[in-house]
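Colleague: I'd like to go through the wording you use for this one. Can you take my nagging questions in turn?

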Amino acid sequence: MASRTTHPVLGTRALNRATLARQLLLERAPLSARDAVAHLLGLQAQNVKPPYFQLHARLAGFRPAELAGLMESREVVRMVTMRSTIHTHTADDALTLRPLVQPARDREVAYFRKGLVGVDLERLADRARALVDGAPRTMGEIREDLLQEWPDADPQSLSVAARCLLPLVQVTPRGVWGRSGQVRLTTVENWLGTTSPVRAQPVDDVVLRYLAAFGPASVKDMQTWAGLTRLREAFERLRPGLAVFRDENGVELFDLPDAPRPDADTPAPPRFLPEFDNLLLSHADRTRVVPPEIKGRTWTGNQAHCTLLVDGFLTGLWKLEGRELTVELFSPVPARVRDLIVDEGERMVGEMAGGTEGPAVVVRFGAIPR
């Protein structure tokens, strides 16, 4: 193994530009929504609208109807995967990424063992599967059914166990732009009509895909993204075919040899990102995007705010109400940069609203409502 001290150093700006390039945020990519969801290994999707805004920031010509159509045709689905959070995945990734992270979901069930005394988890999974495969059910309906067999168990623990033990997807119209619907769940196999056995994606393949979308990255970075541990062995198997660097703190970073690593001075246009964008959540060390002095400013209590990138780094927050966009900057920017922010904001609001027709888009600078 080569000495780590011989690896080239990537400064913060170089890491920033490389990550933005992988995330399709240096310039909008001419990709389909489906291909972008696959490349990005899914879109964080606790709320309904963020995946649509994530794609608008990244894709040329994107309109919400494109992703909505994929949801309705079941080419993409919403389900719990990485970090025990809801993601929008392609059908293929939904089937094969969930088994990869299942050990973490099994450990999550163990945290609730006090509320599951006397509960046979295998029987619980079988009963819940039969219920939701018969017809999509709300979590309340699943919980009530399980309480019939285990009336002394903690209701929340039963819900957590069902969510963790089964690969449940949120069925449409939930998640479809412009529509609303209660969260109803069935298994991913049932929703996609899959009858053959499902196997996890090989971990080595997922490492390579992660680096393609989030690299250069450390082992801890990927473990943060996946919510998994013990990934060092996979990186070591792949080391001979990877490029290796270190950051300014000496942390070893891995990358695909032919992946883009733009010059640190490459221009990075303003981009409006929704709450929970994976760009901000998928590294153990987030200083490549989040300056240390503003760490924690994207949250109020347990509520995440929408974020603004300027020159590639987190620079402010935003909130959209109708066609009025409020932008809160953490520090002053030159007038020409404010103009670029206004242009990008007007584009986002106009295109996400279905076009430029209608009342004028208003972009104002000031504190966003908390």
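Colleague: What makes the crossing of α7 past α8 right-handed or left-handed?

Modeller: α7 passes α8 in a right-handed crossing. The rule: the near helix is turned from the far one by less than a right angle, clockwise for right-handed and anticlockwise for left-handed. Bear in mind that this is a predicted model, where local features need pLDDT of at least 70, side-chain atom pairs count only at pLDDT 80 or more, and totals for chains, interfaces and linings use all residues. Residues are numbered from 1 along each chain as its sequence is written, and side-chain values use heavy atoms, with hydrogens and water left out.

Colleague: Why are α7 and α8 called roughly perpendicular?

Modeller: Helix α7 (residues 139-149) and helix α8 (residues 155-165) pack at about 110 degrees, axes 9 Å apart. Angles run from 0 to 180 degrees between N-to-C directions, using axes fitted to C-alpha atoms, for helices over the stretch in contact. Under 35 degrees is roughly parallel, over 145 roughly antiparallel, 65 to 115 roughly perpendicular, and the rest oblique. The pair is therefore roughly perpendicular.

Colleague: Which residues meet there?

Modeller: From α7 it's M139, I142, R143, L146 and L147, and from α8 P155, Q156, L158, S159, A162 and R163; contact means heavy atoms within 4.5 Å. They divide into seven nonpolar, two polar and two charged.

Colleague: Is D145 buried or exposed, and how do you know?

Modeller: D145 lies in helix α7 and has a relative accessible area of 15%. Buried means under 20%, exposed over 50%, partly exposed in between (1.4 Å probe, protein chains only). So D145 is buried. Leaving aside residues up to four places away in sequence, D145 touches R127 and L131.

Colleague: On to the sheets. What makes β8 and β14 edge strands?

Modeller: Five strands form an open sheet with mixed pairing, in the order β8-β11-β12-β13-β14. β8 (271-273) and β14 (362-365) each have a single partner strand, so one side of each is left without a neighbour in the sheet.

Colleague: How do you know that β13 and β14 pair?

Modeller: Two strands pair if DSSP finds at least two bridges between them. Strand β13 (residues 324-329) and β14 share four bridges, in the parallel sense, so they pair. L325 has V363 in β14 as its bridge partner.

Colleague: And what joins β2 to β4?

Modeller: Strand β2 (residues 76-80) and strand β4 (residues 168-170) run antiparallel and are joined by two bridges. M79 stands opposite V169 in β4.

How values were computed. Nonpolar A, V, L, I, M, F, W, Y, C, P; charged D, E, K, R; others polar.
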